[in-house]
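Grab a pencil and work through a few short exercises on the structure shown here. Try each task before you read its solution.

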There are 2 protein chains.
Amino acid sequence: MSYAYDERIDGPLPSHDKAALVAELQRLVPSMQLLHDNEDLRPFECDGLAAYRTTPMMVALPDSIDQVQALLRFAAARKVPVIARGAGTGLSGGALPLEQGILLVMARFNRILHIDPEASIARVQPGVRNLAISQAAAIHGLYYAPDPSSQIACSIGGNVAENAGGVHCLKYGLTVHNILKLEVLTIDGERLTIGSEALDSPGFDLLALLTGSEGMLGIVTEVTVKLLTKPQSAKVLLASFDDVEKAGAAVAQIIGAGVIPGGLEMMDNLAIRAAEDFIHAGYPIDAEAILLCELDGAEADVQEDCDRVGAILREAGATGIRIAKDEAERQRFWAGRKNAFPAVGRISPDYYCMDGTIPRRELARVLRGIAELSNEYGLRVANVFHAGDGNMHPLILFDANAPGEMERAETLGAKILELCVEVGGSITGEHGVGREKINQMCVQFSSEELTLFHSLKAAFDPDGLLNPGKNIPTLHRCAEHGAMHIHHGKLPFPELERF
Amino acid sequence: MSYAYDERIDGPLPSHDKAALVAELQRLVPSMQLLHDNEDLRPFECDGLAAYRTTPMMVALPDSIDQVQALLRFAAARKVPVIARGAGTGLSGGALPLEQGILLVMARFNRILHIDPEASIARVQPGVRNLAISQAAAIHGLYYAPDPSSQIACSIGGNVAENAGGVHCLKYGLTVHNILKLEVLTIDGERLTIGSEALDSPGFDLLALLTGSEGMLGIVTEVTVKLLTKPQSAKVLLASFDDVEKAGAAVAQIIGAGVIPGGLEMMDNLAIRAAEDFIHAGYPIDAEAILLCELDGAEADVQEDCDRVGAILREAGATGIRIAKDEAERQRFWAGRKNAFPAVGRISPDYYCMDGTIPRRELARVLRGIAELSNEYGLRVANVFHAGDGNMHPLILFDANAPGEMERAETLGAKILELCVEVGGSITGEHGVGREKINQMCVQFSSEELTLFHSLKAAFDPDGLLNPGKNIPTLHRCAEHGAMHIHHGKLPFPELERF
């Protein structure tokens, strides 16, 4: 597998006598469940990026902070890598195990510790499911805003690790904008309290630094999230277009008019047909593109925005506009979008989901580029995306059993991400870098910037034991990848001449 | 002065032959203006925290990135500290010079480079004034949201360095929530591009890490900010209370009801009388407290929120509620609040402005605590604050010419900040730590957390040349200060036994 940990490229890992380590850890923390038989380990060999699999050396399932602390101190002393895992729903392989490492599963930390409706906050353990927070807060008319598609299953700890988004993050922000405080254990087992319930914290912004750090800086043991009041009203418009670029232009015009929709999503014809065939959402299957635009807030405000958006859509050349007539139709419109990935899964043996983000004004150009790349590589691409915030999820259709197709899909995916960077965007919007996009980081960042990332990593974890080989590539990997990041006219990676 | 750099406590600084350094720098960067005569240096000896003054070794006023780069490389090679300064309006002494250091004034980087109305962003140089961005964007119906009271004068670079807020940050966020991208020079003169115009950036969140880092990690040379559409309508309610605690409770109820006002400000009787006497805003001078609540957004939405907030205020025991009848009265209501600091300046020879942040539910308790401390130290305290986000600005009135009063004011201020930390808040909301609150950082953070901050600092600036002695105290300083931060039951600073 091209993306497995490669010691030659990613740096050497210590080798250990597994049996001795297991015995020692069992003796040290007898109360903690520890899996080490190959059969028990199999369910943990991948996360949501199922194409990449590695069997971990062992899996720890602690249920108390003392246990995690003891485990980390043991790992630090014995120099054993530790890979944290929440619900394992991540799409970039951030929780992909290492053969030489302990997989630290935080799923048992699943208690909602406190909800304070007056302060509109909830304090929860990291293994609590995203949706469970909103369900528990519903009695107070509150909810937790970020809503990744996996919200039924994914855990808040994993959301923090990946800085997860969702269809509403245009208006309500990513995870980092919706959390206030973290309790974190360092690799040495030190407990840190990061952030506060207050508006701002002095010192460097460790809360933001930890969020999205993919388990490389510390292990989150508690999360304090902001809760929002449920919007009074919500309406969804479904607009059809006979041209993908016109739909892209309409997105820019809606945002440019100062409307901030709760959600603003786009799907192209291939995605529309797949979703309609699966969900019967009532989508127009002959449209080249549709936009779904949700407006939420106070009743009167929603009606006014609805009128404005309708006018903009007509002006932008929409061939049809429908407003969901009731809550059932609104749910149906969204069900099509939210099930677009499995729907595409029905029309292709395999698909590969990308997660690039681009400035909105480049939507049309990037869509053209993707169409050209799709032709060049001979693979179909369905486009489904959070159009409002420029976060694209091109789905590359392939057949892993057809010789060479998987490699072609990977290369096509990499080209699409490089195109995103070229137009001033980035290689991830909400899924993280993980193992999947490690090579594209060489395109996104200069060697100076990567060196700085490594220094920051070392400030938390000098021996590099937390989730090694993910998120931040070694300079050596970038040299191997032949990265062509040109930074302010300098040659890329001049310091790599020593390799 | 108790807060001057103390090499014994803050760590040794290299000593230099000033004349030789000036000559060398002039030779290296002949085009850059460099001040070194004592008379020329005097205007730069303090920032907005005027009580603390130090004459810098020299003042550099570069006007190109090449010049800044050359200056930084020189400073790194010669181990000369560099203190960056924007407009010098900061209130925590973040730009207080060092006798052994170069003051790097970025005021000449004052160009707005590009406004993109479709993407709603502006790319500006760091010396551009905060208000100038909104003025330039007004033609497109856009504005830059964070509005510190000093917005006429303060620069966006300084706003980034201090993560500045303003009366609207409850709804619209701090600086960190309103910027997308930074160009930064490291102490070695390396150019870094941090963040992107896209929603999210992969890798560690350096954008947030740099924001509020008070010039300790790098020098900002360009800022890309988000612009917002001007709200269609805005109304202000002025509510009077016969009891400060009732006003505090009303704040929690407004937010708890899910209304997010554009601004929600509170003033106590001393502040009301001072402001009314100065501005004639129409404030009720016999009220124990007033709340100013601005609601903005779509017309219909604002009216609805206005009705809701009115009902909540009545329920909470407001003795009177007025709605500004027109734009002129709205401006007058705000003018009283925005001029509260100079108004207090008219009734006391000196005042000392604090900047603590607390969870909203603790408002009443902290107000009681401040009243008790005010009695104990025999100094009047006027309370003016961003009530909605729990950011308090107690103004301690004193006379610097009365023996011991300044020291008493300092101690009283420190006690107030410690009270903020005690209730789960923090020692700064929007003014930064700078030199002023360096000792209180020992109360806010454990030695492990401070050690981590120092490691992060070292990742950017291993020789500690950027703004030394600000923001993050040495562990030695905390030991001297006798900090009593008890962290998870451990003794504070056990590792300081070696000192």
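The exercises below go from the pair of chains to chain A by itself, and the model is a predicted one.

**Exercise 1.** Work out how chain B is related to chain A.

*Solution.* Start with the general idea: two copies of a chain are related by a rotation about an axis and a shift along it. Here, a rotation of 180° with 0.0 Å of shift along its axis puts chain B onto chain A, with an RMSD of 0.1 Å. The two copies are therefore related as by a two-fold rotation axis. Now look at the interface: 100% of the interface residues of chain B are interface residues in chain A too, so the copies meet through the same surface.

**Exercise 2.** Decide how compact chain A is for its length.

*Solution.* First, take stock of the elements: chain A has 18 helices and 19 strands. Next, compare its radius of gyration, 23 Å, with the 23 Å that the globule rule gives for 499 residues; the values are close, so chain A is as compact as a globular protein of that length. For the dimensions, its C-alpha trace spans about 70 × 55 × 45 Å along the principal axes.

**Exercise 3.** Describe the inside and the surface of chain A.

*Solution.* Inside first: 62% of the 499 residues in chain A are buried, meaning under 20% relative accessible area. Of the contacts with a separation of 6 or more, 71% are between residues 24 or more positions apart. Then the surface: chain A has about 17800 Å² accessible, and carbon and sulfur atoms hold 50% of that. Finally the charges: there are 44 positive and 66 negative ones in chain A, and their mean positions lie 2 Å apart.

Conventions
Residues numbered from 1 in each chain as written. Chains lettered and ligands numbered in written order. Predicted model: local features only at pLDDT ≥ 70, side-chain atom pairs only at ≥ 80, totals over all residues. Heavy atoms only, no water. Least-squares fit on C-alpha atoms with pLDDT ≥ 70 in both. Contact = heavy atoms within 4.5 Å. Helix = DSSP H or I, 4+ residues; strand = E, 2+ residues; numbered from the N terminus. Rg over C-alpha atoms; globule rule 2.2 N^0.38 Å. Buried < 20%, exposed > 50% of the residue type's maximum accessible area, 1.4 Å probe, protein only. Areas by Shrake-Rupley, 256 points an atom, 1.4 Å probe, with all protein chains shown as cover. Lys, Arg positive; Asp, Glu negative; His and termini not counted. Charge placed at Lys NZ, Arg CZ, Asp CG, Glu CD.
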